[in-house]
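Open the model in your viewer and keep the sequence panel beside it. The stops below say what to select next and what is there.

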Amino acid sequence: MSTENKTETICRSCIDCAAGACDGKHGTYPSFCLTADIKDGGEAAPLCDESMDKYLNDPEDSLIAKASATVEFENYCKMTRIEEICEFASKIGAAKLGIATCVGLLREARTAAEIFRHKGFEVYGTACKVGAIRKTDIGLDPEQESLGPHICNPILQAKILNEKKTDLNIVIGLCVGHDSLFYKYSNALCTTLVTKDRVLGHNPAAALYQADGYYSKLLK
Ligand code: SF4
């Protein structure tokens, strides 16, 4: 497909917006703006009403929304993410934290657990290879065992933390997709401390910052 045809078929949305006027600070709404459409009673207006109903009338959602906004307000540009997680956990009344870690980041997970324990939380963790199931046992090609014989087992990680009745689960460096399964099976709320990027030192945003530079290949 040519670039011109691709452009014609793109359905514009927030990811095509350079204004960000919905933050209430600057700019004007573009022609395809979702907020402008909602204010005009467009198709997302009922969804906006549903979200408001959750914030106002669902006790858990209300607590989480207010706690996360307050963590941002009180600590803006002052706290690191791990400090913000501690603050957030305290504000929602979480006493028992689960850690779902990549086995390759066990050292970092131990440090995180030490910090959480120092702050008074109970901590229980599961590593991604827990259960030591062979890759071939779930139908993967034997060739894939060259990276290590065992699967990442995010479903088991989540199920063990569910059994332990953790209040808030914290992901440390699970692979793309394995994190998706963990989120899917976790009973507790989840947040992420470390997002895995093996090439960029767990800073995936670096590829975006360099998309017009060292990582311009991503757009070719
Ligand atoms: S809601 Fe409107 S102003 Fe906000 S990011 Fe989306 S398109 Fe841009």
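A residue counts as buried here if 20 or more other C-beta atoms lie within 10 Å of its own, and as exposed if 12 or fewer do. By that rule, buried residues make up 19% of the 220 residues in the protein chain. Keep in mind throughout that this is a predicted model.

**The whole chain**

Begin with the protein chain in a cartoon view. The chain has nine helices and four strands. Read from the N terminus, its elements follow the order α-α-α-α-α-β-α-β-α-β-α-β-α. A box of roughly 55 × 45 × 30 Å, taken along the principal axes, holds the C-alpha atoms. Among contacts with a separation of 6 or more, 50% are between residues 24 or more positions apart.

**Thr 9**

Select Thr 9, which is in helix 1 (residues 3–9). Is Thr 9 buried or exposed? Thr 9 has 7 C-beta neighbours inside 10 Å, so it counts as exposed. For a sense of distance, add Asp 179 to the selection: Thr 9 and Asp 179 are 170 residues apart in sequence, and their C-alpha atoms are 31 Å apart in space.

**The ligand**

Next, select the ligand and the residues around it. The surrounding residues are Cys 14, Cys 17, Ala 19, Gly 20, Ala 21, Cys 22, Tyr 29, Pro 30, Cys 33, Leu 34 and Thr 35. Colour this shell by residue type: nine of its residues are nonpolar, two are polar and none is charged.

**Strand 1**

Move on to residues 96–101, which form strand 1. Five of the six residues in this strand are buried, so the rest of the structure largely encloses it.

Now show residues 122–127, strand 2, as well. Strand 1 and strand 2 run parallel and are joined by six bridges. Two pairs can be picked out: Gly 98 has Tyr 124 as its bridge partner in strand 2, and Ala 100 stands opposite Thr 126. Add helix 6 (residues 106–118) to see a right-handed β-α-β unit made of strand 1, this helix and strand 2.

**Strand 3**

Which strand pairs with strand 1 over five bridges? It is strand 3 (residues 168–172), and the pairing is in the parallel sense. Here Ile 99 stands opposite Ile 170, while Ala 100 has Val 171 as its bridge partner. Ala 100 is thus a useful residue to keep selected, with Thr 126 opposite it in strand 2 and Val 171 as its partner in strand 3.

Look at strand 3 alone for a moment. Five of its five residues are buried, so this strand too is largely enclosed by the rest of the structure. Turn on its side chains: Leu 168, Ile 170 and Ile 172 point one way, and Asn 169 and Val 171 point the other way.

**Strand 4**

Select residues 189–194, strand 4. Strand 4 pairs with strand 3 in the parallel sense, over five bridges. One of the facing pairs is Ile 170 with Thr 191. Bring in helix 8 (residues 178–185): together with strand 3 and strand 4 it makes a right-handed β-α-β unit.

**The nonpolar core**

In soluble globular proteins, nonpolar side chains tend to be buried together. In this model the largest nonpolar core has 27 residues, and Ile 170 and Ile 172 touch the most other members. The elements giving two or more residues to this core are helix 5 (81–91), strand 1, helix 6, helix 7 (154–163), strand 3 and strand 4.

**Ile 172**

End on Ile 172, in strand 3. Why does Ile 172 count as buried? The reason is that it has 25 C-beta neighbours inside 10 Å. Leaving aside neighbours within four places in sequence, its contacts are Ile 99, Ala 100, Thr 101, Cys 102, Leu 105, Glu 108, Ala 109, Ala 112, Leu 193 and Val 194. As a last selection, add Asp 49: Ile 172 and Asp 49 are 123 residues apart in sequence and 34 Å apart in space, C-alpha to C-alpha.

Methods
Residues are numbered from 1 along each chain as its sequence is written. This is a predicted model: local features need pLDDT of at least 70, side-chain atom pairs count only at pLDDT 80 or more; totals for chains, interfaces and linings use all residues. Two strands pair if DSSP finds at least two bridges between them. A crossover is right-handed if, with the strands pointing away from the viewer, the path from the first strand over the helix to the second runs clockwise. A nonpolar core is a set of buried Ala, Val, Leu, Ile, Met, Phe, Trp, Tyr and Cys residues joined through C-beta atoms within 7 Å. Two residues are in contact if their C-beta atoms, placed from the backbone, lie within 7 Å. A residue is near a molecule or strand if its C-beta atom, placed from the backbone, lies within 6 Å of it. Ala, Val, Leu, Ile, Met, Phe, Trp, Tyr, Cys and Pro count as nonpolar, Asp, Glu, Lys and Arg as charged, and the others, Gly among them, as polar.
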